[in-house]
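Please open the structure in your viewer and keep the sequence panel visible beside it. The tour below proposes a series of selections and describes what each one contains.

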Amino acid sequence: MVIWLRQLWCSHARVKITEPKLTYRMTAKAALSVTKAYASNQHQDRRQKFKRQHSESSSSLITWSNYIALFDAIFEKGRLYNMFHERVAQQQGSMTSHEFEGFLSQECEWQFHAEFDRHLIHQGQVNAPGVSFAQFLRVLRHEDNTAINPDHGRVWQDMTQPLSHYFINSSHNTYLEGDQLKDRSAYEAYTYALLQGCRCVEIDCWDDVLKLGGEDISIHHGFTFTSKLAFTDVVETLTEYSFHSSQYPVIISIENHCNSRNQRKMADVFGSKKELCKDNDLFNSRLPSPDQLKGKIVLKGTYAEGSSNGVSTARNQHSTIEDEGETIEDNDLKSLISYCRISRHKLQEWQTVNVREIFNVSKGVISDHCNTDQQDPWMVACTEKHLVRVYPPGTNTNSANYDPTLFWSFGAQIVSLNFQKPDQWMQLNQGFFRQNGGCGYVLKPKVMREVDTGAVRYSPNATHPMEGIPVMELKIELISGQQLCPYWKKCRSVCVEIHTYGIPADTGTMATPAVSRDTFWPQWQEGRHVYQRTIIMPELCVVYFKVSNRYRLKTVQYAQNCIPVISLQPGIRYVPLRTPGGTLIPESGLFVRITRNGGEGPLSSVSNGRSFVSGPPSPNVDLPRARANSGTSLLEDTDHIPLRVTNSGRHHSRVGSQRSSIKIQSEHSFSTSYVKHEDT
């Protein structure tokens with residue numbers, strides 16, 4: 001069950017937390033003291049009833065497993081409790097398998113196989129005559145009942161389209177741990193971004209007169225006080241971790257500030273890597289696909305086409321020297337940059353540019369295009385053939401991020417964000433790219449990939465449904481929350497917000513009033529807190545859940561989750577919550593009722609509903625695993641805490657005498673994470 005609750009239990013029971021089975025028995029009085037540790041003034045009547053029941057019982061001692069069942073029953077007495085008892089025949093206190101199947105089918109909209117009873121109920125795991133309320137809650141919190149379609153937790157989209165047909169998870173100044181002026185650069189920053197599914201990283205290469213670690217090239221943010229990294233160690237880190245979370249290509253964006261001699265060294269280092277993508281004349285009319293570049297590293301850089309002496313032509317007016325770097329002069333290094341050559345042309349001149357050239361555009365410049373591109377969305381046509389990268393303005397010294405959905409709606413594939421800043425926009429980016437197995441590539445809607453056909457006219461500035469694009473009627477009703485504040489803090493109130501982000505017409509928000517009586521398990525009345533909206537471009541829209549805690553002087557974000565609209569499952573569902581940095585919080589979530597109509601057809605691929613039996617999801621799937629062993633029944637009482645194996649690795653750096661240790665954290669590792677979680 002809950003890690004911290006187990007810790008509290010063990011501290012009272014005086015047993016070691018590493019024991020696989022908690023066989024110690026505790027008195028009802030001691031068990032009640034555990035609940036008082038985090039909710040001292042709540043549910044006094046339920047505690048007294050629990051105490052009376054056990055004082056009258058022949059056995060006054062309870063086990064860990066029994067306590068967990070009673071724990072759920074004590075604290076969840078809201079709408080789900082009423083729904084449970086409304087379906088219980090003859091008030092026996094438990095559901096039959098037939099009643100339970102009916103609830104899951106009608107309320108949760110599960111789709112069952114004919115062998116449901118044998119698979120879920122009749123495996124000898126339940127000795128009681130039926131399903132208790134504690135078991136009922138356990139199933140509703142299981143991964144098969146989350147709001148996220150498990151089929152989208154694996155690569156399910158077509159990966160044979162050109163690179164320009166995908167949104168690509170991208171980072172800006174990947175090497176930094178904090179702000180852009182004085183914070184530390186770290187190899188772990190690259191590791192963290194790659195393990196988060198990032199597929200486009202940035203290296204700023206400078207001549208190092210001090211020869212850091214014996215090298216002539218360093219990676220750092222020029223003309224600032226940020227620390228330096230050794231170039232070869234950065235390349236080794238990228239080579240080692242590029243394909244841990246995804247097998248699809250990684251783009252390394254080279255911002256070159258080195259002389260020709262050091263450029264030759266860069267060419268030697270990159271050229272020695274078997275993962276480096278070599279030029280292929282077969283892709284002159286269109287870019288290769290992610291499938292064709294599996295396991296490959298693609299270099300991106302600036303040089304003048306046809307210039308043997310490296311003399312640069314006029315600089316791209318959309319870009320700056322701080323982000324593009326100087327023109328690459330070394331012919332060997334130039335030959336390694338095959339499909340991502342930074343274009344010298346204006347964005348409006350895209351029709352005269354080779355498909356291998358990428359447009360590097362600052363956020364401010366492309367925002368102007370988005371604001372003026374009202375009637376003729378030429379940018380969508382441009383991004384159907386060419387890659388467009390958007391990066392933050394140079395004045396953004398605190399590493400704050402910006403809303404990427406505006407640029408996605410105009411087709412920009414590589415929207416670079418600061419991964420070290422876990423703010424709202426980074427959370428939105430993480431949620432958007434968890435679909436398609438978290439592989440870092442999300443296929444664009446069909447209307448953005450077939451612009452030349454003219455079959456459907458798409459406009460990101462549309463305010464009404466567009467002909468040929470199915471709309472979605474979305475309705476999300478809050479039912480209750482599960483552990484919405486830290487047990488070690490006494491927050492004064494809890495507020496839940498629901499937002500949608502996509503094209504401007506699909507953007508909206510709803511916030512509940514502050515709940516102050518029961519901040520741990522808040523309940524919401526039926527029909528009172530409903531978010532409802534017509535989504536006219538579902539494939540570009542995401543739903544963002546945000547939970548904030550109010551303390552004495554300030555309100556801080558406690559948890560969040562962001563889910564693509566097309567990945568939502570209908571019915572009563574469980575939304576697992578994450579920290580601001582993206583780590584799953586064990587047993588913390590929201591129960592919601594989701595209604596969605598439409599949004600399906602030839603432009604999208606969504607399975608409506610969920611069959612119980614399914615294959616294993618991808619390692620990046622946004623689903624809490626309730627059981628480590630897939631053969632274990634959902635209804636089985638167990639003392640096991642579901643945690644994944646934590647892999648670890650080390651990177652040996654030549655910088656200084658210290659070794660930089662890289663820890664790969666499990667998605668359930670709530671207490672530790674690479675990112676410094678900030679109150680947002």
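The tour visits a pair of helices and then a group of paired strands in this predicted model.

**First stop: two helices**

Select helix H6, residues 97-106, together with helix H8, residues 133-140. Two packed helices are described by the angle between their axes and the distance between the axes. Here the axes come within 12 Å and cross at roughly 35°. The crossing of H6 past H8 is right-handed.

Next, display the side chains where the helices meet. On H6, select Phe100, Phe103 and Leu104; on H8, select Phe136, Val139 and Leu140. These residues make the contact. Which classes of residue does the contact of H6 with H8 have? Six residues are nonpolar, and there are no polar and no charged residues.

**Second stop: strand S19**

Now select strand S19, residues 542-550. Is this strand largely enclosed or largely open? Eight of its nine residues are buried, so S19 is largely enclosed by the rest of the structure.

**Third stop: the partners of S19**

Add strand S16, residues 493-501, to the selection. S16 and S19 run antiparallel and are joined by nine bridges. To locate one position in this pairing, select serine 493, which stands opposite arginine 550 of S19.

Then add strand S20, residues 555-564. Nine bridges also link S19 with S20, again in the antiparallel sense. Within this pairing, tyrosine 544 has cysteine 562 of S20 as its bridge partner. Finally, follow the chain from S19 into S20: the two strands form a hairpin, with four residues between them.

Key. Residues numbered from 1 in each chain as written. Predicted model: local features only at pLDDT ≥ 70, side-chain atom pairs only at ≥ 80, totals over all residues. Heavy atoms only, no water. Axes fitted to C-alpha atoms, helices over the stretch in contact; angles between N-to-C directions. Left-handed = near helix turned anticlockwise from the far one by under 90°. Contact = heavy atoms within 4.5 Å. Nonpolar A, V, L, I, M, F, W, Y, C, P; charged D, E, K, R; others polar. Buried < 20%, exposed > 50% of the residue type's maximum accessible area, 1.4 Å probe, protein only. Pairing = 2+ DSSP bridges.
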